[in-house]
Amino acid sequence: MRKRFKGFKMQDLPTLITTAVEQLGFELVDLEISNRGKLLRVFIDKLNPVDIRDSVNIDDCSLVSNQLGNLLAVENDIDYDRLEVSSPGMDRVLKTEANFMRFIGERATVKLRVALTEVHVNAKDSKEETVSKKNFLGILRGVEAGQLLLECDGVMQKIAISNIDKSRLSPVF
């Protein structure tokens with residue numbers, strides 16, 4: 001049986017790819033490894049976009065793909081069958097504080113690791129109800145002290161970024 005990652009630890013792959021794409025002027029938005037490491041999907045965006053419409057094109061993906069192909073196969077002897085490089089798309093993943101800040105004013109979905117619990121008072125009988133919520137859809141309004149400000153139906157939610165499991169833009173068509 002052939003050794004797949006000679007002297008290379010799989011957990012180092014995101015760091016290796018991040019460094020390589022940043023040297024080319026891009027940021028690593030997401031990395032998916034599937035089929036037991038045989039398929040690598042790399043999602044890139046421009047590191048310093050001019051504006052929100054300044055997006056990755058096919059030439060950018062080709063440049064990064066060629067660079068990563070050489071880096072992974074030749075320099076690090078990483079065995080994989082397929083490398084896919086693409087833009088993150090209109091419904092791009094949001095992972096960092098900088099991502100949330102870049103897309104202020106845009107609509108996003110946010111799924112939490114641990115639900116937020118709120119107490120609501122019923123107007124009819126003044127009874128208190130406890131409501132737990134893990135999924136939110138709203139407008140990104142900013143970040144303050146590690147908290148995402150997300151406006152949902154006119155109510156400002158403060159969500160700890162450390163509690164976010166998944167978040168992505170949710171464009172309106």
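1. Contact here means heavy atoms within 4.5 Å. In this predicted model, Val42 touches Ile17, Leu28, Asp30, Leu31, Leu68, Leu83, Glu84, Val85 and Ser86, if residues up to four places away in sequence are left out of the count. A student could begin with this residue and follow its neighbours outwards.

2. Val42 is also named, together with Leu13, Ile17, Val21, Ile44, Leu68 and Val85, among the residues with the most contacts inside the largest nonpolar core, which has 21 residues. Two or more residues of this core come from each of helix H1 (13–23), strand E1 (26–34), strand E2 (39–46), helix H2 (58–75) and strand E3 (82–86). Apart from this core lies another one, of 16 residues, including Leu94, Leu150, Ile159 and Leu169.

3. How are strands E1, E2 and E3 arranged? They form an open sheet of 3 strands in the order E1-E2-E3, and the pairing is mixed. E1 and E3 stand at the edges, each having a single partner strand, so one side of each is left without a neighbour in the sheet. On average, and with direction ignored, neighbouring strands of this sheet are turned by 20 degrees against each other.

4. The mixed pairing can be followed strand by strand. E1 and E2 run antiparallel and are joined by 8 bridges, with Glu27 having Asp45 in E2 as its bridge partner. E2 and E3, by contrast, pair in the parallel sense over 5 bridges, and here Val42 stands opposite Val85 in E3. Helix H1 lies across E1 and E2, and runs at about 145 degrees to E1.

5. Strand E3 deserves a look from both sides, since its covered face carries Leu83 and Val85, while Arg82, Glu84 and Ser86 make up the uncovered one.

6. A further open sheet is formed by 5 strands in the order E7-E6-E5-E4-E8, with antiparallel pairing. Strand E7 (155–160) and strand E8 (164–169) are its edges, and each has a single partner strand, so that one side of each is left without a neighbour in the sheet. Neighbouring strands of this sheet are turned by 50 degrees against each other on average, direction ignored. Within the sheet, strand E4 (residues 107–121) and strand E5 (residues 128–144) pair in the antiparallel sense over 11 bridges, and Val119 has Thr130 in E5 as its bridge partner.

7. Are Cys61 and Cys152 buried or exposed? Since buried means under 20% relative accessible area, Cys61 is buried at 9%, and Cys152 counts as buried at 7%. A search of the whole structure finds 0 disulfides.

Conventions. Residues are numbered from 1 along each chain as its sequence is written. This is a predicted model: local features need pLDDT of at least 70, side-chain atom pairs count only at pLDDT 80 or more; totals for chains, interfaces and linings use all residues. Side-chain values use heavy atoms; hydrogens and water are left out. A nonpolar core is a set of buried Ala, Val, Leu, Ile, Met, Phe, Trp, Tyr and Cys residues joined through side-chain atoms within 4.5 Å. Buried means under 20% relative accessible area, exposed over 50%, partly exposed in between (1.4 Å probe, protein chains only). Helices (H or I, at least four residues) and strands (E, at least two) are DSSP runs, numbered from the N terminus. Two strands pair if DSSP finds at least two bridges between them. Axes are lines fitted to C-alpha atoms, for helices over the stretch in contact, and angles run from 0 to 180 degrees between N-to-C directions. A disulfide is a pair of cysteine sulfur atoms within 2.5 Å.
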